[in-house]
Amino acid sequence: MGLSRRTFIKAGLAGAALGACGLPPVSKWLRPSDAAADPQEKVAYTYHPPNCGGRCSFKCTVKDGRLVKLEPNEWPDKRHSLICLRGLSELERVYSPDRIKTPLKRIGERGEGKFVPISWDEALTTVANKLKELKDKHGGKSIYLKASSGVEHPMFLLAQMLGAQFTNHAGIDIGLSGGLHQITGAGLFGPMNNEVTDWVNSKTILLIGNNFLETSMTDAQFFYDAKEAGARIISIDPAYSTTTTRCDQWISLRPGTDTALILALINQVFANKWYNEDYLRKNSTAPFLIREDDKKLFKAGGKFQVWDKNSGAFRPYDAPGLQPELEGGFAADGVKLQTVFAALKEHTANNTPAWAAKITEVPEQVIRDLAKQYATSGPAVIAWGWGGPDKWYHADSLGRAGGILAALTGNIGRVGGGVGSCNHHLPGWAAPLKGWPLPKQFVPAKPEMPATDFPQKANSVRAVIIQGNSLNQWLANAHQTAAWLKKLDLVVVVDIFQNDTVNYADIVLPTCTNFEMEYDSYNLQIRRNHIMMMQKVIDPLFESKTDFRIELELAGKLGLAEHLPKTPADLNRARLANPAPPLKGITVESLKANRYIQRLNAPMAPFRGNMDQVYATPTKKIELYSEVLLPFGAGFPSYEEPQEASPHNPLFKKYPLQFSQAHTRYRAHSSFSNARWILQLIKEPRVEMNPRDAQQRGLKNGDLVEVFNDRGKFQARYQATPEMRPGSIRVSEGWWSKYFAAGNSQNVTNNANNPRGYPLSHGPVIPFNDTLVEVKKAGGAN
């Protein structure tokens, strides 16, 4: 449409969008941002919800009860006083015609989206009575509560009081972190060790499937700071992304083969002795000993042993004054032993650059040069994204391989080093917030399986309460999901807008945006070394209520409200009742007095994790070898062909295109799909395909096409995209069904769970991108 960012925020476009919502004319709404304040205006402060990694803090201007202007709040650290286009679009989205105005009751079939309005009393009474019935007959585990990542107040307390199953994050953005956790003890989503502001101290930054400049827009400045400081930034990505255009090198590889590339780099580290021996002896399990008979780590007296060069004997790994051997042949009780270091070297001996070149389709010399650049140039970072390599069946192997490569070269717990995800400005200085204490008799049911399994396996669930548009984003193979939902006794959805998940509900409870609330203040978040609190900006629109209020009132219908906080301020005071030094002096009152944002009591330097070389693993060291995965023959990571999207799969002849769903600057998962200002920039989903593939199928740019496989199909317009690697197609993730010509992209996605994922800390990942499809021109379309 020829719109620039500058055009986007001009009064004409903003006024058109506001006028479309039936609001006052632009002349009564917009003015230069530096204009004098109107006596009738008020200012309030809030922040963006957790689904959006920017976590912008807003200064909001309200006139006559309406939100009329958004500006960045003044952060104590001025570098974060920013808003991206998604944040600006909230000015329109709050008043979206998609808003659910009243509680609803289904009158059609589940999935049709046909409802009639009902009162709050009828809605809550209906839900409460059914929950009581199910709990009495089948126990609390028959009830499952699921909160989307965009929900500010997940109803975990209600789940706990019901003895229900509850999950917040399951199956998505956790594939790589599950593997990295085996190495370093990395937490949920596997954040890097060092804050992104530390990149100025890095010499090499490998971005693996990480379109950082789109998915972390408010951190883009730190990318450029690193470039100006001399870092060589290399994009490893099948497609030529926005971020790739600003990198020093692009390495395009066959989708799903990243692990082979990293294993070849490990091979070169061993072959050229680029490893840090002293670091490995002190900080890792490299000197630990593997038994030849059962492949387990050798223990004596209940402790892992190493061979100590000083004493010439086996010693406990944590004994003082050790000089552990990294290589050599040993035996105990007639059983041969090999060090983890030697076994890893042997394990990767055949993973040569020539071997990896055949698999990845990356030239052998490029792999050799990459290994040397990473291992010998100084502090180095491996930073992967969540939208690409994470969503593959074998993603855990890449997470483990990346952690091992970083460990071998001493790049963990080092200034300018690190490995993991760098999105959402994670990690940073932080402190744990406490929860609300419930009586001891309230215990939530242990989840009987990952949420991704509920549509696929027999389980106890008979009712689900879903906060947010989870079904559109958090489950693959949509037809199987729909079949499961239709078997349930009760489906309740709490959301702001009528979307795909809402359409399957029996009862719909309308919640507020984060600008609306019944209370003076709302939730707390810690991000970017600061703590933020939400202030009430406007009253709830229509009959909507906050998630906090809905939980409280539903608990009242269940006779449980007495156990909950009465206001969000009560909850926030309990959460802040932590003597941790970063929170010293920070209270609800102090936040109100400081524009609802304060910097934590923490150093001004970038956060750098593991500088003490203590890790959240059983041994407190970097664990290069996994006994947890021995039953799967995976003590060390190996390269495995993609489970589905491989040319070696017989299905490839029928469906020769790999399908992926990428993160984009226009949305955060499925949030902002209906942001009408953004829809003026990109009004519908597009099937991005290399023109070479399109020509083979007789397609022209703009044709309506059908993407299909044995799971299902959807229709959208083809967009000629030379930046896409031939053999792959892409639709940006999160589009609601109503924006497709037919169907939904989740109709075709792979939902096979890797058995190896179950013992991992975060469970199996959904292999959305490990999917094969074919594309043809839609019948009768032009």
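## Cavities, enclosed helices and buried polar residues

Seven cavities of 30 Å³ or more are found in this structure, which is a predicted model. The largest cavity holds about 470 Å³ of space. Its lining is made up of 31 residues, and those closest to the centre are Arg93, Gly150, Asp495, Ile496 and Ser671. Two elements, α3 (85-93) and β20 (490-495), each give two or more residues to this lining. Sorted by character, the lining residues of the largest cavity are twelve nonpolar, 13 polar and six charged.

Let us turn to threonine 511. You will find threonine 511 in the loop that runs between β21 (507-510) and β22 (521-527). Because its relative accessibility is 4%, threonine 511 counts as buried. Its contacts, once neighbours within four places in sequence are left aside, are Arg99, Val494, Asp495, Ile496, Ser544, Lys545, Thr546, Asp547 and Ile550. Among these partners, Asp495 and Ile496 also belong to the residues closest to the centre of the largest cavity. Two of the partners of threonine 511 are polar ones: a polar atom of its side chain lies 2.9 Å from the backbone oxygen of lysine 545, and its side chain makes a polar contact of 3.0 Å with the side chain of aspartate 547.

A second loop residue to visit is asparagine 753, which sits between β30 (742-743) and β31 (771-777). With a relative accessibility of 12%, asparagine 753 is buried too, since the cut-off is under 20%. Which residues does asparagine 753 touch, not counting those up to four places away in sequence? They are Tyr393, Thr452, Asp453, Gln456, Tyr758, Pro764 and Val765. Polar contacts join the side chain of asparagine 753 to those of threonine 452, at 3.1 Å, and aspartate 453, at 2.7 Å.

The side-chain to side-chain polar contacts of these two residues are set out here.

| Residue | Partner | Polar contact |
|---|---|---|
| Threonine 511 | Aspartate 547 | 3.0 Å |
| Asparagine 753 | Threonine 452 | 3.1 Å |
| Asparagine 753 | Aspartate 453 | 2.7 Å |

Histidine 424 is another loop residue, placed between β18 (418-421) and β19 (463-467). Its relative accessibility of 18% is under 20%, so histidine 424 counts as buried. Histidine 424 and alanine 561 are 137 residues apart along the chain, and their C-alpha atoms are separated by 34 Å.

Now for two helices. Helix α6 (residues 175-184) is largely enclosed by the rest of the structure, because nine of its ten residues are buried. The buried ones are Gly175, Leu176, Ser177, Gly178, Gly179, Leu180, Gln182, Ile183 and Thr184. What covers them? The cover over the buried residues of α6 includes β17 (380-384), α14 (395-408) and β18. Following α6 comes glycine 185, with a positive phi near 80°.

Helix α9 spans residues 258-271, 14 residues in all, and reaches 20 Å from its first C-alpha to its last, close to the 20 Å expected at 1.5 Å a residue. How many residues of α9 are buried? The count is 13 of the 14, so α9 is largely enclosed by the rest of the structure. Just after α9 there is again a positive phi, this time of about 55° at lysine 273.

Definitions and conventions. Residues are numbered from 1 along each chain as its sequence is written. This is a predicted model: local features need pLDDT of at least 70, side-chain atom pairs count only at pLDDT 80 or more; totals for chains, interfaces and linings use all residues. Side-chain values use heavy atoms; hydrogens and water are left out. On a 1 Å grid over the protein atoms alone, a cavity is a set of points where a 1.4 Å probe fits but cannot get out, and a pocket is an open set with protein on both sides within 12 Å along at least five of seven lines; lining residues have an atom within 4 Å of a point. Grid points are joined across faces, edges and corners, and a volume is the space filled by probe spheres set on the points. Helices (H or I, at least four residues) and strands (E, at least two) are DSSP runs, numbered from the N terminus. Ala, Val, Leu, Ile, Met, Phe, Trp, Tyr, Cys and Pro count as nonpolar, Asp, Glu, Lys and Arg as charged, and the others, Gly among them, as polar. Buried means under 20% relative accessible area, exposed over 50%, partly exposed in between (1.4 Å probe, protein chains only). A polar contact is a pair of N or O atoms within 3.5 Å; within protein, one must be able to donate a hydrogen and the other to accept it, and residues adjacent in sequence count only if both atoms are side-chain atoms. Contact means heavy atoms within 4.5 Å. The expected span of a helix is 1.5 Å times one less than its number of residues.
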